[in-house]
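Here is a quick tour of a small fold, written to be read with the model open beside it. Have a look at the picture, then follow along.

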Amino acid sequence: MPLSKCELCSSQPLREVAIPRWVSDPSDVERLTIEVCAKHYQRLNKAGNKGVKQRGYYYRIGFW
Ligand SMILES: [Zn+2]
């Protein structure tokens with residue numbers, strides 16, 4: 001079985017989420033599905049529309 005890990009760190013993922021990701025313009029998003037760990041899933045949930053910044057990208061749980 002392939003080892004998977006959280007897209008935002010190297011923890012074991014909790015679940016797969018569909019997220020928009022952007023660099024500076026939140027209306028110009030790339031839509032993708034990533035796996036996130038429990039910690040990052042919580043952070044994404046809390047951040048709401050502001051998103052969470054990680055390695056130069058913003059991520060939010062969302063509304064495609
Ligand atoms: Zn993580």
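Before we talk about who sits opposite whom, one term: two strands pair if DSSP finds at least two bridges between them. Keep in mind, too, that this is a predicted model.

With that in hand, take the link between strand 1 and strand 4 (residues 57-59): the two run antiparallel and are joined by two bridges. One of the residues involved is Trp22, whose bridge partner in strand 4 is Tyr58.

**The overall layout**

What does the protein chain contain? One helix and four strands. Read from the N terminus, the order of elements is β-β-α-β-β. The radius of gyration of the protein chain is 11 Å, close to the 11 Å given by the globule rule for 64 residues, so the chain is as compact as a globular protein of that length. If you like to think in boxes, the C-alpha atoms fill one of roughly 35 × 20 × 20 Å along the principal axes.

Of the 64 residues, 16% count as buried. As for contacts in the protein chain with a separation of 6 or more, 49% come from residues 24 or more positions apart.

**The sheet**

The four strands make an open sheet, ordered 2-1-4-3, with antiparallel pairing. Strand 2 (30-36) and strand 3 (52-54) are the edge strands, each pairing on one side only. On average, neighbouring strands in this sheet are turned by 40° against each other, if you ignore direction.

Now over to the other neighbour of strand 1. How many bridges join strand 1 (residues 15-22) to strand 2? Seven, and these two strands also run antiparallel. Within that pairing, Glu16 stands opposite Glu35 in strand 2, while Val17 has Ile34 as its bridge partner there.

**Val17 and the core**

Val17 is a good residue to click on next. Apart from its neighbours within four places in sequence, Val17 is in contact with Ile34, Val36, Tyr41 and Ile61. So Ile34 turns up as a contact of Val17 as well as its bridge partner.

Val17 also belongs to the largest nonpolar core, which has six residues: Leu8, Val17, Ile19, Val36, Leu44 and Tyr59. In soluble globular proteins, nonpolar side chains tend to be buried together.

**Out of the core**

Which residues are worth a look away from that core? Here are four of them, with their neighbour counts.

| Residue | C-beta neighbours inside 10 Å | Class |
|---|---|---|
| Cys9 | 13 | partly exposed |
| Ser10 | 8 | exposed |
| Lys50 | 10 | exposed |
| Arg55 | 7 | exposed |

Start with Cys9, in the segment before strand 1. Its class follows from the count: a residue is exposed with 12 or fewer such neighbours and buried with 20 or more, so Cys9, with 13, counts as partly exposed. Leaving out neighbours within four places in sequence, Cys9 is in contact with Cys37 and His40. Cys9 and Lys39 are 30 residues apart along the chain, and their C-alpha atoms are separated by 9.7 Å.

Ser10 lies in that segment before strand 1 too. Cys37 comes up again here: Ser10 and Cys37 are 27 residues apart in sequence and 8.5 Å apart in space, C-alpha to C-alpha.

Lys50 takes us to the loop between helix 1 (38-47) and strand 3. How far apart are Lys50 and Leu3 in space? The C-alpha to C-alpha distance is 30 Å, with their positions 47 residues apart in sequence.

That leaves Arg55, found in the loop between strand 3 and strand 4. Its backbone deserves a second look: phi of Arg55 is near 50°, a positive value in a residue other than glycine. Most residues other than glycine have a negative phi. With 7 C-beta neighbours inside 10 Å, Arg55 counts as exposed.

Notes: Residues are numbered from 1 along each chain as its sequence is written. This is a predicted model: local features need pLDDT of at least 70, side-chain atom pairs count only at pLDDT 80 or more; totals for chains, interfaces and linings use all residues. Axes are lines fitted to C-alpha atoms, for helices over the stretch in contact, and angles run from 0 to 180 degrees between N-to-C directions. A nonpolar core is a set of buried Ala, Val, Leu, Ile, Met, Phe, Trp, Tyr and Cys residues joined through C-beta atoms within 7 Å. Two residues are in contact if their C-beta atoms, placed from the backbone, lie within 7 Å. The radius of gyration is taken over C-alpha atoms; the globule rule is 2.2 Å times the number of residues to the power 0.38.
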